[in-house]
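Good morning, and thank you for the time. I should like to take the group through one model, from the overall fold down to single residues. Please have the structure on your screens.

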Amino acid sequence: EEAYHLLPATGSDRAILGLPAGATVLVVDRIARGATGWPLVWAEIRIRPDRFDYVAALWPGAAELLR
């Protein structure tokens, strides 16, 4: 399961990703479930705006949000 959000960059995002104040990040929330339906892996991926074109090619579900 995946969900996509565009959010204002946090202070941590700006420090880690080298973003200026006022930048946005694409957040991909991903949950992988086992055969029983129980969650096995959860990931929150935070992506720089200059990578949006690359991400749109990899995650078609996020492409519409990034247009």
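Let me start with a single residue: is R48 buried, partly exposed or exposed? R48 has 24% relative accessibility and therefore counts as partly exposed. The cut-offs are under 20% relative accessible area for buried, over 50% for exposed, and partly exposed in between, with a 1.4 Å probe and protein chains only.

Before continuing, a word on the basis of these values. This is a predicted model, in which local features need pLDDT of at least 70 and side-chain atom pairs count only at pLDDT 80 or more, whereas totals for chains, interfaces and linings use all residues. Residues are numbered from 1 along each chain as its sequence is written, and side-chain values use heavy atoms, with hydrogens and water left out.

Now the overall picture. The protein has three helices and three strands, and along the sequence they follow the pattern β-α-β-β-α-α. Here helices (H or I, at least four residues) and strands (E, at least two) are DSSP runs, numbered from the N terminus. Along the principal axes, the C-alpha atoms fill a box of roughly 45 × 25 × 15 Å. Of the 67 residues, 24% are buried. The exposed area is about 4,600 Å², of which carbon and sulfur atoms supply 60%; the areas come from the Shrake-Rupley method with a 1.4 Å probe, and for residues only the protein chains shown count as cover.

Next, the sheet. Its three strands are arranged in the order β1-β2-β3, forming an open sheet with antiparallel pairing. The edge strands, each pairing on one side only, are β1 (2–8) and β3 (39–47). Strands count as paired if DSSP finds at least two bridges between them. As a general point, strands of a sheet pair through backbone hydrogen bonds, either parallel or antiparallel.

Seven bridges join β1 to β2, which covers residues 24–33. Within that pairing, H5 has V27 as its bridge partner, and P8 stands opposite T24. On the other side, eight bridges join β2 to β3. There V27 stands opposite R46, and A32 opposite V41. The strands β2 and β3 also form a hairpin with five residues between them, and G37 in the turn has a positive phi of about 95°.

I turn to the nonpolar cores. A core here is a set of buried Ala, Val, Leu, Ile, Met, Phe, Trp, Tyr and Cys residues joined through side-chain atoms within 4.5 Å. The largest one has eight residues: Y4, L26, V28, I47, F52, V55, W59 and A62. Two elements, β2 and α2 (52–58), give two or more residues to this core. A second, separate core has six residues, including L17, A23, V25 and V27. In soluble globular proteins, nonpolar side chains tend to be buried together.

Within the largest core, what does W59 touch beyond its neighbours within four places in sequence? W59 is in contact, meaning heavy atoms within 4.5 Å, with E2, Y4, V28, R30, I45 and I47.

Now a charged residue in the helix α1 (residues 11–17), namely D13. D13 counts as buried because its relative accessibility is 6%. Its side chain reaches the backbone nitrogen of T10 at 2.9 Å. Leaving aside neighbours within four places in sequence, D13 is in contact with P8, G18, L19, V25 and R46.

Finally, let us return to R48, which lies in the loop between β3 and α2. Which residues does R48 touch, not counting those up to four places away in sequence? They are L17, G18 and L19. The side chains of R48 and D50 are joined by a polar contact of 2.8 Å. Such a contact is a pair of N or O atoms within 3.5 Å; within protein, one must be able to donate a hydrogen and the other to accept it, and residues adjacent in sequence count only if both atoms are side-chain atoms. R48 and Y4 are 44 residues apart in sequence and 14 Å apart in space, C-alpha to C-alpha.
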